[in-house]
Amino acid sequence: MIEIKDLHKSYQMGANSLHVLKGINFTVAEGEMVSIMGSSGSGKSTLLNILGMLDEADSGSYTLDNKPIKNLNEKIAAKYRNQFLGFIFQSFNLINYKSALDNVAMPLYYQGVKRSLRIEKAMHYLDKVGLADWASHLPSELSGGQKQRVAIARALASDPKVLLADEPTGALDTKTSYGVMELIQGINDEGKTIIVVTHEDDIAHMTKRIVNLKDGIIIDDSKVSQVSAKAKLHV
Ligand SMILES: Nc1ncnc2c1ncn2[C@@H]1O[C@H](COP(=O)(O)OP(=O)(O)OP(=O)(O)O)[C@@H](O)[C@H]1O
């Protein structure tokens, strides 16, 4: 699903250049659930931004669903992003003046789906994350865990090939985090490819493979035996 070869990225700051990704190679097969770990500044967000087509590498190659992601014009890039990728962020990034339902329906609007179908699909995904009864509520009326569930429903609404989650539990308490991870694990069990950036070891162990970054290179890439978030919730 994803193939990255010898990826390099530097940031230019005045006369200085900061070499952040120094030759990243990895592949993610369809249906995998992978976490990217590493200390602050190791390049996790930079890598995720490139995977999410929000930024471009300086060199190396990135193939997403057999499509080379390089020098795409903004229209095609936006189309691929919308079609192939779903995003989940630490700070939820919901639109505050829109209801939960309208937030979930938003990506479908950009895909040109007509309103009645947008509402039907958005309701389906809100129901899937356990929030059907909260459809008309504004984000300010929801708890952190509920906001993240709305964000997950929104990420799923366009049925992307890959879900990219940047510290999805970073703003949540432990119990709520495990609840969100239980949901994400369920989505992966249904076959969705998922990449999670996290600082937290317990969250990383709820995925099936941990890629460890240090100073812009992968120092370890191992399959792990997945801890069930549901089981952790009930201990
Ligand atoms: N747009 C930018 N311009 C300049 N430097 C940047 C930019 N984005 C990131 N950096 C620098 O690149 C390095 C890697 O940043 P990155 O955000 O990828 O790390 P990270 O592992 O995600 O860190 P954290 O866990 O703190 O979010 C850091 O030293 C950061 O200061």
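Me: In this predicted model, how many bridges join strand E3 to strand E9?
Reply: Strand E3 covers residues 33–37 and strand E9 covers residues 209–214, and the two run parallel. One pair in this ladder is Ser-35, whose bridge partner in E9 is Ile-210. The number of bridges that join E3 to E9 is 4.

Me: What is the order of the strands in the open sheet of 6 strands?
Reply: This sheet is an open one with mixed pairing. Strand E6 (85–89) and strand E10 (217–223) stand at its edges with a single partner strand each, so one side of each is left without a neighbour in the sheet. From one strand to the next the twist averages 15°. Read across the sheet, the order is E6-E7-E8-E3-E9-E10.

Me: Which helix packs on the sheet and touches E6 and strand E7?
Reply: The helix in question spans residues 144–157, and strand E7 spans 162–166. The direction of this helix makes about 170° with that of E6. The helix that packs there is H5.

Me: Which strands are the edge strands of the open sheet that 4 strands form?
Reply: The strands of this sheet follow the order E2-E1-E4-E5, and their pairing is antiparallel. E1 pairs with E2 over 10 bridges, while 5 bridges join E1 to strand E4, residues 59–64. A further 2 bridges join E4 to strand E5, residues 67–68. The strands that pair on one side only are E2 and E5.

Me: Which residue is the bridge partner of Thr-63 in E5?
Reply: Thr-63 lies in E4, where it is the bridge partner of Glu-3. E4 and E5 form a hairpin with 2 residues between the strands, and in this hairpin Asp-65 takes a positive phi near 50°. On the E5 side, the partner of Thr-63 is Pro-68.

Me: Which element gives the largest share of the shell around the ligand?
Reply: The residues around the ligand include Tyr-11, Val-20, Gly-41 and Lys-44, and Tyr-11 stands opposite Leu-18 in E2, with Leu-18 also listed around the ligand. Strand E1 (2–13), strand E2 (16–28) and helix H1 (44–51) each supply at least two residues of the shell. The largest share, 3 residues, comes from H1.

Me: How many residues of the shell around the ligand are polar?
Reply: Sorted by class, the shell has 4 nonpolar residues and 1 charged residue beside its polar ones. Among the residues around the ligand are Gly-38, Ser-40, Ser-42 and Thr-46. The polar residues of the shell number 7.

Me: How many of the 8 residues of H1 are buried?
Reply: A residue counts as buried if 20 or more other C-beta atoms lie within 10 Å of its own. In H1 the residues that pass this test are Lys-44, Thr-46, Leu-47, Leu-48, Ile-50 and Leu-51, and H1 is therefore largely enclosed by the rest of the structure. After H1 comes Met-53, whose phi is positive, near 60°. The number of buried residues in H1 is 6.

Me: What is the radius of gyration of the protein chain?
Reply: The protein chain has 8 helices and 10 strands, and its C-alpha trace spans about 50 × 45 × 35 Å along the principal axes. With 235 residues, a compact globule would have a radius of gyration near 18 Å, so the value for this chain agrees with that expectation. The radius of gyration of the protein chain is 18 Å.

Technical notes
Residues are numbered from 1 along each chain as its sequence is written. This is a predicted model: local features need pLDDT of at least 70, side-chain atom pairs count only at pLDDT 80 or more; totals for chains, interfaces and linings use all residues. A residue is near a molecule or strand if its C-beta atom, placed from the backbone, lies within 6 Å of it. Ala, Val, Leu, Ile, Met, Phe, Trp, Tyr, Cys and Pro count as nonpolar, Asp, Glu, Lys and Arg as charged, and the others, Gly among them, as polar. Two strands pair if DSSP finds at least two bridges between them. Axes are lines fitted to C-alpha atoms, for helices over the stretch in contact, and angles run from 0 to 180 degrees between N-to-C directions. Two residues are in contact if their C-beta atoms, placed from the backbone, lie within 7 Å. A residue is buried if 20 or more other C-beta atoms lie within 10 Å of its own, exposed if 12 or fewer, and partly exposed in between; C-beta atoms are placed from the backbone. The radius of gyration is taken over C-alpha atoms; the globule rule is 2.2 Å times the number of residues to the power 0.38.
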